Amino acid sequence: MAHLLSTSCSLNIPSCRKPSFQQLNQGLIGLPTSFTVKTSKSPIQTVILSAQRSQRCHTVYATATPFTPTQSRSGLHQSSNDPSKAKRVMIIGGDGYCGWATALHLSNKGYEVAIVDSLIRRLFDHQLGLDSLTPIASIHDRLRCWKSLTGKNIELYIGDICDFEFLSESFKSFEPDAVVHFGEQRSAPYSMIDRSRAVFTQHNNVIGTLNVLFAMKEFRQECHLVKLGTMGEYGTPNIDIEEGYITINHNGRTDTLPYPKQASSFYHLSKVHDSHNIAFTCKAWGIRATDLNQGVVYGVRTDETAMHEELCNRLDYDGVFGTALNRFCVQAAVGHPLTVYGKGGQTRGYLDIRDTVQCVELAIANPAQPGEFRVFNQFTEQFSVNQLAALVTKAGEKLGLDVKTISVPNPRVEAEEHYYNAKHTKLIELGLQPHILSDSLLDSLLNFAIQFKDRVDSKQIMPSVSWRKIGTKPKTVAA
Ligand SMILES: NC(=O)c1ccc[n+]([C@@H]2O[C@H](COP(=O)([O-])OP(=O)(O)OC[C@H]3O[C@@H](n4cnc5c(N)ncnc54)[C@H](O)[C@@H]3O)[C@@H](O)[C@H]2O)c1
């Protein structure tokens, strides 16, 4: 039986159920436990073991203002059919990079927001010895700060969505009109470290998403799922990439079919499996869903996260979680050569984090129809890795930085020179106004990196995970 606890001061929480314990407990169910001696001796490991021994399931319900979690919402708000009432949006993974910015953005726009997160992303950092370039406040401090600045409450459910009982309680308590699902292990290199991380990634992502689908069917049939997929699901075919579907003529017959998927890591494959499960439940149960095949996100500031230092977003630059442009800016700031993998012709779609939050808002405001599985390619521009390196070099020179680029052996298995032309018109048609990568954005990102350069651990910069060397033996990645 899941217990709903409140971390608000008005409740008396027994010491064995302190929020910090609950956060770790929830985040660790199903996590690969076979880490290096370094990490396994940490207090976190102790919590894993005690949690497994007790075989108990705890759910923390936390809110900045006291609230009785078991109270039905029916008396508190009208259904989503009443246009005068704010839509209720559950953001799974709302403590992460994209989720945090989106939660604040939607709250600011007048949506009623709840964050559901196991906080496991913070745990990955502890286990691998990594850290965000920017100091980030605890989720509780973040939410208290937001409430004190804006008067707006964001509800918080801390737990693992792979735990269906926890997820059910969260659905019944919050009664979402839309669910934005960011809550997955999202690093391709992490999924390629060793067998246990590969299995963890697919279990966490695929089972978590399946649970969300079942919770929608069971408790919120009308609810709209906005699921974060990735452009990496398509791979790099030698033809144009369409938005989700392609019309094919074959032996004199024509059909519109799901666009072929050629994912290139166990992480990307988990997203493909998710997409298939969602498409099937749209057909079978009438679920309404939008799959946002997102490109690589860059940038750190949004209007809301810039309001106070405690609202600051995370910025990853390491070889496991750092994404290309953010990583290059940090490398330039600390005088480390930009690390281009292989030939550098790898071309992908990119977008500013300010556009991520805009795209999600557009998807929610224009929901899919019951039974519809809609796919949008969510990026604004395409760049090769070499083009990004050249842009960062130019911007760095303007700031007086001496930026060098080196080619390092490519740890991934991927085409290094290829055709790439992906469609991305559907979000523009809904009203997306893109922030194009400009000199001023690069300046501000570089200045941000310079501001925090003392926090950079240069040992974490080089790639340390090889697609070819993955094996069954548990590995560490930090030196
Ligand atoms: N960041 C990018 O460039 C990018 C690009 C394409 C797609 N995406 C997708 O967007 C989503 C968010 O990415 P991000 O960069 O914000 O990742 P992130 O790791 O910063 O955030 C993910 C959040 O989900 C939470 N989470 C993970 N598993 C969970 C579970 N089982 N139960 C509850 N919470 C869980 C984590 O604790 C974390 O806070 C991911 O699905 C990712 O695949 C991201």
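How many helices and strands are there in the protein? There are 15 helices and 16 strands, all in a predicted model.

**Figure 1. The whole protein, before zooming in.** Of the 479 residues, buried ones make up 49%. Look at contacts between residues at least 6 apart in sequence, and 83% of them join residues at least 24 apart.

**Figure 2. The shell around the ligand.** Here 27 residues surround the ligand, and G93, G96, C98, R121 and R186 are the closest. Elements that put two or more residues into this shell are α4 (97-108), α5 (120-128), α9 (195-219), β7 (224-230) and β11 (296-298). The top contributor is α4, which gives three residues. If you're thinking about chemistry, the shell breaks down by class into 10 nonpolar, 11 polar and six charged residues.

**Figure 3. R314, a buried arginine in a loop.** You'll find R314 in the loop between β11 and α11 (324-333). Is R314 buried or exposed? It counts as buried, because it has 21 C-beta neighbours inside 10 Å and the cut-off for that label is 20 or more. Leaving aside neighbours within four places in sequence, R314 is in contact with Y97, S132, T134 and I136. G96, one of the residues closest to the ligand, sits 218 residues away from R314 along the chain, yet the two C-alpha atoms are separated by 7.6 Å.

**Figure 4. Strand β6 and its two partners.** Strand β6 (residues 178-181) pairs in the parallel sense with β3 (residues 88-92) over four bridges. β6 also pairs with β7, again in the parallel sense and over four bridges. On the β3 side, I91 stands opposite V180; in the pairing with β7, V179 stands opposite L225. In a regular strand, side chains alternate between the two faces of the sheet. Both faces of β6 are covered: A178 and V180 are buried on one side, V179 and H181 on the other.

**Figure 5. The nonpolar cores.** The largest nonpolar core has 101 residues, and those with the most contacts inside it are I91, V179, C329 and V392. Apart from this core lies another one of 14 residues, including L128, F266, V272 and V477. Back in the largest core, which residues is C329 in contact with, leaving aside its neighbours within four places in sequence? They are V392, L445, L446 and A449.

**Figure 6. Helix α12, wrapped up by the rest.** Helix α12 (residues 353-365) is largely enclosed by the rest of the structure, since 12 of its 13 residues are buried. The buried set includes charged residues, among them R354, D355 and E361, alongside nonpolar ones such as I353, V357 and L362. The geometry checks out too: at 1.5 Å a residue the helix should span 18 Å, and its end C-alpha atoms are 19 Å apart, which agrees.

**Figure 7. Two loop residues with positive phi.** Most residues other than glycine have a negative phi. E175 is not a glycine, but its phi is positive, at about 55 degrees. E175 lies in the loop between α7 (164-174) and β6, and counts as buried because it has 21 C-beta neighbours inside 10 Å. N251, also a residue other than glycine, has a positive phi near 50 degrees. Its place is in the loop between β8 (245-250) and β9 (253-258). Unlike E175, which is buried, N251 is exposed, with 4 other C-beta atoms within 10 Å.

Key: Residues are numbered from 1 along each chain as its sequence is written. This is a predicted model: local features need pLDDT of at least 70, side-chain atom pairs count only at pLDDT 80 or more; totals for chains, interfaces and linings use all residues. A residue is near a molecule or strand if its C-beta atom, placed from the backbone, lies within 6 Å of it. A nonpolar core is a set of buried Ala, Val, Leu, Ile, Met, Phe, Trp, Tyr and Cys residues joined through C-beta atoms within 7 Å. Two residues are in contact if their C-beta atoms, placed from the backbone, lie within 7 Å. Two strands pair if DSSP finds at least two bridges between them. The expected span of a helix is 1.5 Å times one less than its number of residues.
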